[in-house]
Amino acid sequence: MLKTLNQKISLFLLIFSGGYLVMSYNLPAYPYVPVDADLVPKALGYIMVVLAVLLYFDKQSETNEEKEKRAIPKKEIGVLSVVAFMIFCYIFLFELLGFVVVTALFLFICSRFLGYTNVKVNAIVSVLFPSLLYYLFHYLLQIRLPQGILPF
């Protein structure tokens, strides 16, 4: 049944997406909003189920060259660990500081850490992107994101 790595991964993703969908259906419904907060998680969960099924039936066989591509050099493990820590900090501070502030800080710090050196462009993108997303979700879709320390 589980002959290839893709089939093993797809089975894990299918179980994970099933649990994700169960949790998405347990999100509370908010009255008086046209698009509820559970729309995006449910859509992502169903997309993950479809992609897991497609991955299971993928006919591509694994070669030695693909196994070598998958190997992570030891020097990159430190970089991955730091980025994982940044993601953890992002999640931890999300409700406290708010979507716009935490996302801007995360984008700026993470892109600087990963080697992007143009500070002006990095700062502009790090502020504009979460601001536009907040506007899109809050005012157009009427989905409430944590405002945190900002007064709007």
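Before you start clicking: a contact here means heavy atoms within 4.5 Å, and helices are DSSP runs of at least four residues, numbered from the N terminus. Keep in mind that this is a predicted model.

**Whole chain**

Show everything as a cartoon. You'll find six helices and zero strands, so the element order from the N terminus simply reads α-α-α-α-α-α. The radius of gyration is 20 Å, well over the 15 Å that the globule rule gives for 152 residues, so the chain is more spread out than a compact globule. Turn the C-alpha trace onto its principal axes and the spans come to about 55 × 45 × 20 Å. Color by accessibility next: 20% of the 152 residues count as buried. If you draw a contact map, take the contacts with a separation of 6 or more; residues 24 or more positions apart account for 56% of them.

**Residues 5–25: helix α1**

Select 5–25. Helix α1 has 21 residues, which at 1.5 Å a residue should span 30 Å, and its end C-alpha atoms are indeed 30 Å apart. Now show side chains for Q7, S10, S17, L21 and S24, the buried residues of α1. Look down the axis: they cover an arc of only 95 degrees, which puts them on the same side of the helix. Flip to the face turned away from that buried side, and you meet the exposed residues F12, I15, V22 and M23. What covers the buried residues? Part of the answer is α2 (39–56).

**Residues 39–56: helix α2**

Select α2 next. Its 18 residues should span 26 Å at 1.5 Å a residue, and the end C-alpha atoms agree, at 26 Å apart. The buried residues to highlight are P41, K42, G45 and A52. These cover an arc of only 100 degrees around the axis, so they sit on the same side of α2. On the face turned away from the buried side, pick out L51 and L54, which are exposed. The cover over the buried residues of α2 includes α1, just as the cover over those of α1 includes α2.

**The UniProt spans**

For a different set of selections, use the unreviewed UniProt entry, which lists residues 9–27, 39–57, 77–109 and 121–141 under "transmembrane region". Take 9–27: the span is 89% helix and 0% strand, with its end C-alpha atoms 27 Å apart. Then jump to 121–141, where the chain is 95% helix and 0% strand and the end C-alpha atoms are 28 Å apart.

**Two cysteines**

Show C89 and C110 as sticks. How many disulfides are there? With a cut-off of 2.5 Å between cysteine sulfur atoms, the count comes to zero. C89 is in no disulfide, since the nearest cysteine sulfur, that of C110, is 11 Å away. C110 is in no disulfide either, and its nearest cysteine sulfur is that of C89. Check their surroundings too: C89 is partly exposed, at 26% relative accessible area, while C110 counts as buried, at 9%.

**Last stop: H138**

Finish in helix α6 (residues 119–140), where you'll find H138. Buried or exposed? H138 has a relative accessible area of 15%, so it is buried. Leaving aside neighbours within four places in sequence, H138 is in contact with I143 and R144. Add those two to your selection to see the contacts of H138.

Note on methods. Residues are numbered from 1 along each chain as its sequence is written. This is a predicted model: local features need pLDDT of at least 70, side-chain atom pairs count only at pLDDT 80 or more; totals for chains, interfaces and linings use all residues. Side-chain values use heavy atoms; hydrogens and water are left out. UniProt positions are given in the numbering used here, feature names are shortened, and annotations may be inferred rather than shown by experiment. Helices (H or I, at least four residues) and strands (E, at least two) are DSSP runs, numbered from the N terminus. The expected span of a helix is 1.5 Å times one less than its number of residues. Buried means under 20% relative accessible area, exposed over 50%, partly exposed in between (1.4 Å probe, protein chains only). The arc is that of the directions from the helix axis to the C-beta atoms. The radius of gyration is taken over C-alpha atoms; the globule rule is 2.2 Å times the number of residues to the power 0.38.
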